[in-house]
Structure formats: structure tokens, C-alpha cells
Amino acid sequence: MSGLGAFKGRWFVVKIGGELAADRPKLAGSVGAAVRAFLDAGVRVAVIHGGGPQATELTNKLGLTPRMVAGRRVTDEATLEVVKMTLAGQVSVDVAAAFRLAGVPALCTTGVSAGLIDARKRPPKVITGAGPEPIDLGLVGDVTDVNTALFERLSEAGLVPVLGSLSGDAQGQVFNINADTVATRVAAKLRAAKLFLVSNVPGVLADKNDPSTRIPTLTPAEAQEKIALGVIQGGMIPKVEESLSMLEEGIEAIHIVGISPAHALLGEAQGAGSFGTAFLRNR
Ligand SMILES: Nc1ncnc2c1ncn2[C@@H]1O[C@H](COP(=O)(O)OP(=O)(O)O)[C@@H](O)[C@H]1O
Ligand SMILES: CC(=O)N[C@@H](CCC(=O)OP(=O)(O)O)C(=O)O
């Protein structure tokens, strides 16, 4: 028995790092198969994907210079064009194809569509790991609202909403948002039973270069300490920070999990800390 039946009717939100979209059969056999199993158990699923590596690659090809600050992209007009081309283009179609392969009816779009994700420009902020001065990230947004009624309707129609992490406002402005951030906000608004951040690493590692050092569970205090000590760096910082903010909003289970082995996501859904890193409010 899978144990997933306990979550029937609840939402699972799954975030896929952009890097994972490149290998469609691998994505289908891991995340796709897990989402199929969630749906079969009556769990509602929403997926958010990134596309950071593809955006960086295209930025370089165009002779522009990518700039990341603590895992977030500084986004001027030209960079936003690149992010639109990659997230809403290449990555969206690759993810759609992988889900087709897995027999998952995914409707792939971005948070801009029908106001699924509403945002406003993020004001300059002091960013962890980037010095004491406030940083203006340009056309990067903060989520202001999630159209949960539309998520519900898509789910009731038998579809899995799959969103690239672009968002917009009613004035027609488009914003780039870190996909981990969008996934966290969507999970909170949907009151999701679980949020999974699926990445190229098996979880939070005590030594980021050694996959055998996965930490099965972390409390908020332990996670903050690992950021302060520099054990958690770069793209892992937004994942962990967003996870912690979500725990503060009262949601109990966030899991950072890898794409390998293929059954890691499904296994982690059935046993917290068995294949990834689970964030728990208390232990
Ligand atoms: N302690 C850590 N444990 C695991 N990964 C870490 C750690 N510190 C930094 N990282 C880096 O974070 C990366 C994952 O973040 P990121 O590349 O943004 O993933 P994604 O594109 O899936 O959102 C890993 O590839 C790794 O290089
Ligand atoms: C503001 C910001 O940083 N946006 C991200 C959105 C894509 C993303 O998060 O992609 P991954 O999940 O593959 O890292 C970016 O432009 O890279």
C-alpha cells in the first residue's frame, strides 16, 4: 500500500529545476511517474518549473552577461526577453513532452496566464550572502496573489497545471521570479499537504560536493545555521529560505529531493527523509 491515500483530495506541489527538463525520458521516468502515482491516488498536483541554466546559456550565446545574486537573477529588459524565450518556450515544451511520455495530462503555461500568479516588482532588499546594501534585482517580482480557484478548476477538469515561474500584473507587466519562490507561494495558497523541490542534488548536503552527505531532516534553526556557516550556498539558499518561510506559514512538510534514483520523489512522498531532505517544524 502506497500510503498516498491519506492525501486524497489534497494538493501536492512539485517544483522542477530547469536543468532537469533537458533529459525528457529521465524526467518522465522519475517526476512524471511520481505525478502519475499521485494522481492515481486521488492527490491533486500542481507543478512549477524553472529554467535558470537554459536562461544563462542563452544569455551567454547572445553576448550578454548573466548576473546572479545569491541564486536570484538580476533581470533587466533584455534578460527578461531571454527568460521568456527559455522558460515559456524551450523548457515549457520539454516539460510538456516529458509529462506526455509519463501519461500525465499537463497543461503547460506560465503564471502570467489568466492571472494564475500575480506579482509586483520586488523593492530593493538586503539579500542573504550579498553584503549589507539593499539590491535592486530589476524586473523581479514578489508574488502578491495566486488564483487558487483556477487551479481547482483545472484539477477538476483532470489537468495538471504546470507553470514556468514568470508572473504578471493587471497592468500587463511581466516579472521574473525564482521558481522555488513561486512554488512555495503556490503551495502555501493551495494549503498543500506537501511541497517537493526536485533538483539535481539529492537534498541538502553537509558537503555540497559529496552526494553521500545528504542530511535527511532539518529544523529551521539547523537550516539557518547551515546558511550562516556557508554550508548552504548559491541556488540552495533560496530553496532553504523559502522552505523556512513556508514552515512559518504553518505548512508542515517540504522536501528537497533529487531526480536520481528514479523512484526518489515517490519514495520521499511515502517516507520523509528517506530519499531527500525534509524540513520539519520540530523534531
Ligand atoms: N549544502 C548544499 N547542498 C546541496 N546543494 C548545494 C549546497 N550548497 C550549494 N548547493 C548548490 O545548490 C544547487 C541547487 O540549486 P539550483 O542550481 O538553483 O537548483 P535548481 O535549478 O534545481 O533550482 C546544487 O547544484 C549545488 O551546487
Ligand atoms: C529571479 C530569478 O532568479 N528567476 C529565475 C527563474 C528560473 C529558475 O528559478 O530556474 P531554476 O529553478 O532552474 O533555478 C532565473 O531567472 O533563473
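Here are some short exercises on this predicted model, each with a worked solution.

**Exercise 1. Find out how confident the predictor is in this model.**

Begin with the per-residue score: the protein averages a pLDDT of 94. Next, look at how that score is spread, and you will find that 98% of the residues score at least 70. Finish with the global scores, which are ipTM 0.95 and pTM 0.95.

**Exercise 2. Work out how strand 11 is covered and which strands pair with it.**

Step one is burial. Six of the six residues in strand 11 are buried, so the strand is mostly covered, given that a residue needs 20 or more other C-beta atoms within 10 Å to be called buried.

Step two is the direction of the side chains. K194, F196 and V198 point one way, L195, L197 and S199 point the other way, and all are buried.

Step three is pairing. Strand 1 (residues 11-16) runs parallel to strand 11, with five bridges between them. Here F12 stands opposite K194. Strand 13 also pairs with strand 11 in the parallel sense, over five bridges, and L197 has I256 of strand 13 as its bridge partner.

**Exercise 3. Describe the two faces of strand 5 and its pairing with strand 8.**

Take the faces to start with. The side chains of strand 5 alternate: A106, C108 and T110 point to one face and are buried. L107 and T109 point to the other face and are not buried.

Now the pairing. Strand 5 and strand 8 (residues 160-164) run parallel and are joined by five bridges. To place the register, use T110, whose bridge partner in strand 8 is G164.

**Exercise 4. Locate two non-glycine residues with positive phi, and decide whether each is buried or exposed.**

Start with A114. Its phi is about 50 degrees, a positive value although A114 is not a glycine. A114 sits in the loop between strand 5 (106-110) and strand 6 (117-121). Count its neighbours: A114 has 10 other C-beta atoms within 10 Å, and because the limit for an exposed residue is 12 or fewer, A114 is exposed.

Move on to R191. Phi is near 50 degrees here, again positive in a residue other than glycine. R191 belongs to the loop between helix 5 (179-189) and strand 11 (194-199). With 12 C-beta neighbours inside 10 Å, R191 counts as exposed.

**Exercise 5. Find the cis peptide bond that involves P261 and place P261 in the fold.**

Check omega: for the bond joining S260 and P261 omega is about -10 degrees, and this peptide bond is cis. Then place the proline: P261 is in the loop between strand 13 (254-258) and helix 8 (264-270).

**Exercise 6. Describe the shells around ligand 1 and ligand 2.**

For ligand 1, list the neighbours: 19 residues surround the ligand, and the closest are G17, S199, L205, K208 and G235. Sort the shell by class and you get six nonpolar, ten polar and three charged residues. S199 links back to Exercise 2, as one of the buried residues of strand 11.

For ligand 2, repeat the steps: 18 residues surround the ligand, with G18, G50, G52, R73 and A179 the closest. Sorted by class, this shell has five nonpolar, ten polar and three charged residues. As for the elements that contribute, helix 2 (52-61) and strand 4 (72-73) each supply at least two residues of the shell.

Methods
Residues numbered from 1 in each chain as written. Chains lettered and ligands numbered in written order. Predicted model: local features only at pLDDT ≥ 70, side-chain atom pairs only at ≥ 80, totals over all residues. Helix = DSSP H or I, 4+ residues; strand = E, 2+ residues; numbered from the N terminus. Pairing = 2+ DSSP bridges. Near = placed C-beta within 6 Å. Nonpolar A, V, L, I, M, F, W, Y, C, P; charged D, E, K, R; others polar. pLDDT = per-residue confidence, 0-100.
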